[in-house]
Amino acid sequence: MGRLRYDGTSDPIIIEDVTLAHLKIIIATKLRRQESFMMTWVPRDSGVNRRATVWIHPAIPLQFGFDEELPPPVDPQRIAELMQHLNASGELVLDNVLSS
């Protein structure tokens, strides 16, 4: 399981390495274009937040941590579908992505 750390202080978002590799490409593409967006997910720890949303912005630090040393395979079709949904809605919803 990989970890996506956002803002340098919050607990990491736990995500499978393959899914995290896809998100890394999508997030990096949007931020390289200076495009901010919302990202929503259901935390695995089921603590206080049953659903969490953050504003992804180029000025806020991000760190992608992978358990595996070698990069996992990336499916271009999956990237295209996620990017299409994000561009249409302005929000990257990870509910279905995290279980993939």
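1. Two strands pair if DSSP finds at least two bridges between them. With that in mind, look at strand 1 and strand 2 (residues 13-15): they pair in the antiparallel sense over three bridges. One of the partnerships to look for is Leu4, whose bridge partner in strand 2 is Ile13. Please remember as you read on that this is a predicted model.

2. Stay with this pair for a moment. Strand 1 and strand 2 form a hairpin, with six residues between them. In the turn you will find Asp7, which has a positive phi of about 75 degrees.

3. Strand 1 has another neighbour to explore. It also pairs with strand 5 in the antiparallel sense, over four bridges. Leu4 appears here again, as its bridge partner in strand 5 is Phe64.

4. Which side chains of strand 1 (residues 2-6) are buried? Follow the alternation: Gly2, Leu4 and Tyr6 point to one face and are buried, while Arg3 and Arg5 point to the other face and are not.

5. Strand 4 (residues 52-56) is a good place to practise the same kind of reading. Its side chains alternate, with Ala52, Val54 and Ile56 buried on one face. Thr53 and Trp55 point to the other face and are not buried. Strand 4 runs antiparallel to strand 3 (residues 37-41), and five bridges join them. Among the partners, Met38 is matched with Trp55 of strand 4.

6. Now try a loop. Pro72 sits between strand 5 (62-65) and helix 2 (76-89). Is Pro72 buried or exposed? Its relative accessible area is 18%, so Pro72 counts as buried, the cut-off being under 20%. Leaving aside residues up to four places away in sequence, Pro72 touches Asp17, Val18 and Ala21. Pro72 and Val18 are 54 residues apart along the chain, yet their C-alpha atoms are separated by 5.4 Å.

7. Let us step back to the whole chain. It holds two helices and six strands, in the order β-β-α-β-β-β-α-β along the sequence. Of the contacts with a separation of 6 or more, 64% are between residues 24 or more positions apart.

8. Finally, consider the overall form. A compact globule of 100 residues would have a radius of gyration near 13 Å, and the protein chain agrees because its own value is 13 Å. The C-alpha trace spans about 30 × 30 × 25 Å along its principal axes. Buried residues make up 35% of the 100 residues. The chain exposes about 6,100 Å², with carbon and sulfur atoms supplying 52% of that area.

Notes
Residues numbered from 1 in each chain as written. Predicted model: local features only at pLDDT ≥ 70, side-chain atom pairs only at ≥ 80, totals over all residues. Heavy atoms only, no water. Rg over C-alpha atoms; globule rule 2.2 N^0.38 Å. Buried < 20%, exposed > 50% of the residue type's maximum accessible area, 1.4 Å probe, protein only. Contact = heavy atoms within 4.5 Å. Areas by Shrake-Rupley, 256 points an atom, 1.4 Å probe, with all protein chains shown as cover.
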